[in-house]
2 protein chains.
Amino acid sequence: MGEIVKADIITVGNELVSGDVQETNGRFLIGRLRGIGVKTARISVVGDEDWAICDVLENAFRSHEIKLIILTGGLGPTRDDITSRSVAKVTGKRLVFSDEVLAHIRETMESRGEEMHPSQEKQALIPQKAKVLKNPGGTACAYTLHHHGKIIAVLPGIPSEVRLITDQLLLAEIESELHPQKSESVKKIHVLGLPETKIEEMISPDLRDIAGLQVAFLPSPTQVTLSLVAEGAGAEKIVSQAADAISERLGNYIFAEGDGSLEETTGNLLQLRRKTLSLAESCTGGGIGEKITRIPGCSAYFHMGFVTYSNEAKSKLLDIDPALIDKYGAVSKEVAAAMAQGARKIGRADFGLAVTGIAGPEGGSEDKPVGTVYVALSSDEHTMAKRFSFSGDRAEVRERAKQAALEFLRRKLVTS
Amino acid sequence: MGEIVKADIITVGNELVSGDVQETNGRFLIGRLRGIGVKTARISVVGDEDWAICDVLENAFRSHEIKLIILTGGLGPTRDDITSRSVAKVTGKRLVFSDEVLAHIRETMESRGEEMHPSQEKQALIPQKAKVLKNPGGTACAYTLHHHGKIIAVLPGIPSEVRLITDQLLLAEIESELHPQKSESVKKIHVLGLPETKIEEMISPDLRDIAGLQVAFLPSPTQVTLSLVAEGAGAEKIVSQAADAISERLGNYIFAEGDGSLEETTGNLLQLRRKTLSLAESCTGGGIGEKITRIPGCSAYFHMGFVTYSNEAKSKLLDIDPALIDKYGAVSKEVAAAMAQGARKIGRADFGLAVTGIAGPEGGSEDKPVGTVYVALSSDEHTMAKRFSFSGDRAEVRERAKQAALEFLRRKLVTS
């Protein structure tokens, strides 16, 4: 009891090694295991091939570090699905028909108004002495078994089923069998507007003296996330001490913590200040609205959005003088500002937020290359516009433009 | 020459096994390797820990199947980054300073107007006899080396750098060293509006007699993708024969092939028919516009979008009688139809497409539970509206609503 439990995760599926599908069960399981104090040592992704499954499984058994092995995938009714056979082979156990699984398959099919197909009987063949974890979301049941001092958990591959089984059954099973101790404290801090090197420079003097603190920098195209981790006695205190120091140093550059997002923080600020927002989007095509409306309850502050992709739309919907567009171009500080004003006035909101830019791949010029984006914000006091030069392809430029627009608004809300 | 070359991919990084970052280099490399005839046997994801890197590397060396081992990550300047040391250890090679890498680091830093940091010298320590592949996107150089009849390629971990090095240098290196033969033909067909089991029932009689064809079903919440694969002589003919048969059987249920998307197909159809589109979005918040504008050149057919999240916005922007909203509710067939008409008339387009629904988690009622979505399409001939009941959380309901709306329009375009 109390020792750190390490796990190997093995995800099985031809669609994963062919590149047809991005493997995601691994990361989900890592997060849930971490939550109960189990550390993942590695993930292995293999096809539905006996040699490959057996090879990684045998390798996991060779490792003294590993106490828990989780396999996902390959429990279906088709000929492809061979995970249970490989597990039985490596552990030297016979495959036996489980009446419990058989009954579950029959019940699940009945509840769907369908009959059990003969091929599904195969799903009831599991290694002897396995403990069944009934799948609340489908026919393929999970199971656990003990072998050579390790626990093996075998799960189906469908991500929604992995989630259900893990949260409803597997984690409790692991806790009762392996007694992992959650000795880790973790905090994520999300930063915008500063490069990674600058953040490091600013915060490292404060963190130098905090013993036992691990800091990781996780940069992405639109933000830098700081991951603070400490382990053992006092872990929580160490992390919160570090978080306080970082918060004091970086101040408003921090836009969210934990699972928070820029759209959530911005929405909360609007609600707190009892302000409303309308949008005018050109190159982002509705993507800022899409983000704002991800947050349940956004109707409290979000009024409406105008997707004015064409010049005609800008003039007609936002009441922008076509001469202004002719003079400065649709991608300009002046038009961005007029869009924000139009969004605010016609959208009857306290704030009008607008974006116009060249997302590419075509449409760039020497003065305004692809990646040129103007963001503007209008309030009853004044209208501000800002030019950005983003790198990346069309999708990246659009993503950065959305983030920059929301950040422009957040900054205004926190500083005014 | 001519034999199938199999590869192991090992991705290294604490941020990957901690769950902080989703591993994506693996899938990228699989796709590129597949393109030159190399099959990936497995991906191993490990932390920046010597025992873990050595363990999977040794296991890869034990396998006769594997001719190519690609490692990514852990080539940075910090103490964490130990991949080269582990590679040297397992292959029994000394680490030596590479003048070539050192010069590259210095040049890269100079081109950024920065000076080389002493800690970066460590990045020039690579196993003896390694062949350097200079990183066009950063300081950490990749390299290849031969050991026990296999080739090991070591790459940095930053995804954009992995892409540059792979496409500009690594694939050519693998081709010249291992002479893989691309004997595989692949085609993806994307289907909407039929469940997986129904598709299988419809197409299997046609495919039964096509020898050497492998068909995989890849279901996702919004579509089913069929992957057709054949290998060896005549592979292309086998796949195209199967694709033709499927196309004849499924007809308009097929919305795209290969890298195509629903928004691209729909956009192409609008352009072909010289028709224009305006949108009115409620629960999707701009997400349909965001999808439509992913396609470069969409200004040829996309006029404008109204994000009418509030009832006030629906009345004001789309000229909907508030009494209609009061009578039927904002989420109703009648209001959806009025939104589509408003989008078409006020948006001055041939088609008006509208969505209103309850994405959750709140807002559901007995009559209209969470997941209830109405999609409407208005043309100068008539206006049609359709009710959907989607499962899933807020994000899934919204994603399904976007897809259903685009599909409603595509259906209209292909059948009229």
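Two residues are taken to be in contact if their C-beta atoms, placed from the backbone, lie within 7 Å. The model is predicted, so to speak of local features takes pLDDT of at least 70 and side-chain atom pairs count only at pLDDT 80 or more, while totals for chains, interfaces and linings use all residues. Residues are numbered from 1 along each chain as its sequence is written, with chains lettered from A and ligands numbered from 1 in the order in which they are written.

On to the pair of chains. With copies superposed by least squares on C-alpha atoms of residues with pLDDT of at least 70 in both, chain B lands on chain A after a rotation of 180 degrees and 0.0 Å of shift along the axis, at an RMSD of 0.1 Å. The two copies are thus related as by a two-fold rotation axis. They meet through the same surface, because 98% of the interface residues of chain B are interface residues in chain A too.

Then there is the sheet. Counting strands as DSSP runs of E, at least two residues long and numbered from the N terminus, and pairing them if DSSP finds at least two bridges between them, 10 strands make an open, mixed sheet ordered β17(A)-β16(A)-β15(A)-β13(A)-β14(A)-β14(B)-β13(B)-β15(B)-β16(B)-β17(B). β17 (383-389) of chain A and β17 (383-389) of chain B sit at the edges with a single partner strand each, so one side of each has no neighbour in the sheet. In chain B, β16 (residues 372-378) runs antiparallel to β17(B), joined to it by 7 bridges; B:Val375 has B:Lys386 as its bridge partner in β17(B).

Conventions:
Helix = DSSP H or I, 4+ residues; strand = E, 2+ residues; numbered from the N terminus.
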